[in-house]
Amino acid sequence: GASNTLGNSIITQSSTLISVAGRLAASNTGTAGVPVLDIINTSTSTFNHSLEVMTPNMTTGQNNILVIGRVGSTKNSGYIGYKYSGTAGSNANVLTFGHWGSDNLMNLTGDGKLGIGVVAPDAKLDVRSTANESLLSRVWNSNSTAGSSAVLRIASSANDANSARIEFSDSEYYTATISGDRSQGLAFRTSATGSNPVTLPERMRITPGGNVGIGTNAPVSHSSSRRTLVIADTANGANVEIWGNQAGGKSILQSVGGNTYVGNLANGSGAGTTYITSGAGSTYTTILANGSIGIGTTAPTELLHIKNPSNSWNEYARIRIGTETSDNYASEIGFHRGTSSDADRGFFIDGGGGGTQHLKVLYTGNVGIGTATPSSSYKLSVHGHAQVGDGGGAVAFNFNATSNAQIKINGTERLRITS
């Protein structure tokens with residue numbers, strides 16, 4: 001129960017052990033270079049023990065701590081200490097850091113694993129939380145000077161496939177990995193029920209040369225100078241979908257400053273058909289391996305085959321050509337199914353683009369000029385006047401509503417036939 005108070009004291013002892021029975025308290029004003037407690041170790045060993053604080057009677061889960069702070073109360077001080085696992089000499093005995101009232105916040109195991117939020121970390125850095133929070137780590141360089149950077153580097157000297165990777169998992173399964181090395185490039189793997197992060201199915205790869213493969217780990221470019229995206233599914237076929245579903249939005253496939261190719265490129269001896277479909281999934285354009293193009297048909301029989309799939313009467317298959325300033329600045333050529341029968345079925349030319357068939361060639365070969373229903377009795381039916389000439393002279397054939405027929409040569413009537 002005795003208490004001894006010393007003033008400013010210096011204890012110098014070369015080898016004698018100084019033992020203090022009871023508590024040792026020091027109270028004074030401490031400043032930089034002149035602390036309240038100053039321990040100077042003059043040894044020069046690899047590990048120079050300046051202070052040892054031991055609690056030999058600790059049992060499982062107990063802590064031996066050195067408290068530093070303002071006062072000894074909740075959140076007013078913190079500690080560095082040693083947490084005993086219950087097994088002497090075990091890596092599970094950890095160097096621990098905490099706050100008064102928030103224990104064992106950061107823990108370093110005997111084999112160098114650091115846990116934040118966990119006493120027994122499973123990795124070199126293991127960050128865990130049971131709180132309802134989303135941000136567990138951040139790499140941020142707040143220096144805004146040009147050239148400053150924030151770098152998170154994942155490296156493996158082995159350079160083996162999957163040796164440098166990021167893993168994603170939930171409480172039960174591995175769900176995804178991203179790995180990279182100089183041989184395979186960057187590989188993306190996913191699974192809903194993965195048990196081994198290394199064996200997850202590969203979904204996408206970016207090769208060291210810049211080619212991208214989805215469904216294949218060997219995206220091959222047909223030109224060494226071009227970057228290539230390859231999407232493969234040998235079992236079910238592969239789709240590329242480009243969506244632009246906002247009002248006024250566009251879905252664009254384009255090459256800026258170069259050529260854009262859409263098609264089926266033969267790889268080796270392979271060949272195939274290219275289909276261009278609508279948003280509803282209907283196939284509107286087909287390009288066969290031989291170059292034949294079908295619009296409205298998946299089986300074109302000519303270099304260009306246009307088909308209206310409707311089998312109803314009075315349907316058309318048209319090609320429109322014009323400047324489209326208005327409908328008066330366009331023309332059409334096309335096929336007419338027939339109004340209600342095969343009688344007027346055939347090819348037509350509409351010079352004004354307004355729906356008038358100025359020239360009609362029936363399926364029988366009969367031709368109509370100025371009529372969409374040429375006579376089945378004559379190879380040529382002309383509704384209106386006709387003129388034949390070589391530029392220097394002309395012969396005109398006129399027929400008017402009074403049933404008079406005239407033949408004029410260079411504008412002069414030479415023959416008239418009345419009814």
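User: Does Phe348 count as buried or exposed?

Analyst: This is a predicted model, and every value below is computed from it. A residue is called buried when its relative accessible area is under 20%. Phe348 has 2% relative accessibility, so it counts as buried.

User: How is Tyr316 classed, with its relative accessible area of 22%?

Analyst: The class between buried and exposed runs from 20% to 50%. Tyr316, at 22%, is therefore partly exposed.

User: How many aromatic pairs does a search of the whole structure find?

Analyst: A pair of aromatic rings is described by the distance of the centres and the angle of the planes. In this structure the search finds one such pair. Its members are Tyr316 and Phe348, with ring centres 5.7 Å apart and planes at 90°. An angle over 60 degrees counts as edge-to-face, so that is the label for these two rings. The partners come from distant parts of the chain: Tyr316 belongs to strand β17 and Phe348 to strand β19, 32 residues apart.

User: Which charged residue sits over the ring of Tyr316?

Analyst: That residue is Arg318, whose charged end is 4.0 Å from the centre of the Tyr316 ring. Another case is Arg345, which lies over the face of Tyr363 at 4.1 Å from the ring centre.

User: In what order do the strands of the six-stranded open sheet stand?

Analyst: A sheet is read strand by strand, from one edge to the other. Here the order is β17-β18-β19-β20-β21-β22, and the pairing is mixed. β17 (316–322) and β22 (380–382) are the edge strands; each has a single partner, so one side of each lacks a neighbour in the sheet. On average, neighbouring strands of this sheet are turned by 10° against each other, direction ignored. Within the sheet, β19 (residues 346–350) and β20 (residues 359–362) pair in the antiparallel sense over four bridges. One of the bridge partners in β20 is Leu359, which faces Ile349.

User: Which strands stand at the edges of the sheet β23-β24-β25-β26?

Analyst: This open sheet has four strands and antiparallel pairing. Its edges are β23 (386–389) and β26 (412–417), each with a single partner strand, so one side of each is left without a neighbour. Neighbouring strands are turned by 15° on average, direction ignored. β25 (residues 405–409) and β26 share five bridges, and the bridge partner of Ile409 in β26 is Thr412.

User: How many residues lie between β8 and β9 in their hairpin?

Analyst: There are three residues between β8 and β9. The two strands run antiparallel and are joined by seven bridges. Among the residues involved, Ile178 has Phe188 in β9 as its bridge partner.

Conventions
Residues numbered from 1 in each chain as written. Predicted model: local features only at pLDDT ≥ 70, side-chain atom pairs only at ≥ 80, totals over all residues. Heavy atoms only, no water. Pairing = 2+ DSSP bridges. Axes fitted to C-alpha atoms, helices over the stretch in contact; angles between N-to-C directions. Phe/Tyr/Trp six-rings, centres within 6.5 Å; stacked < 30°, edge-to-face > 60°. Buried < 20%, exposed > 50% of the residue type's maximum accessible area, 1.4 Å probe, protein only. Lys NZ or Arg CZ within 6 Å of the ring centre and 35° of its normal.
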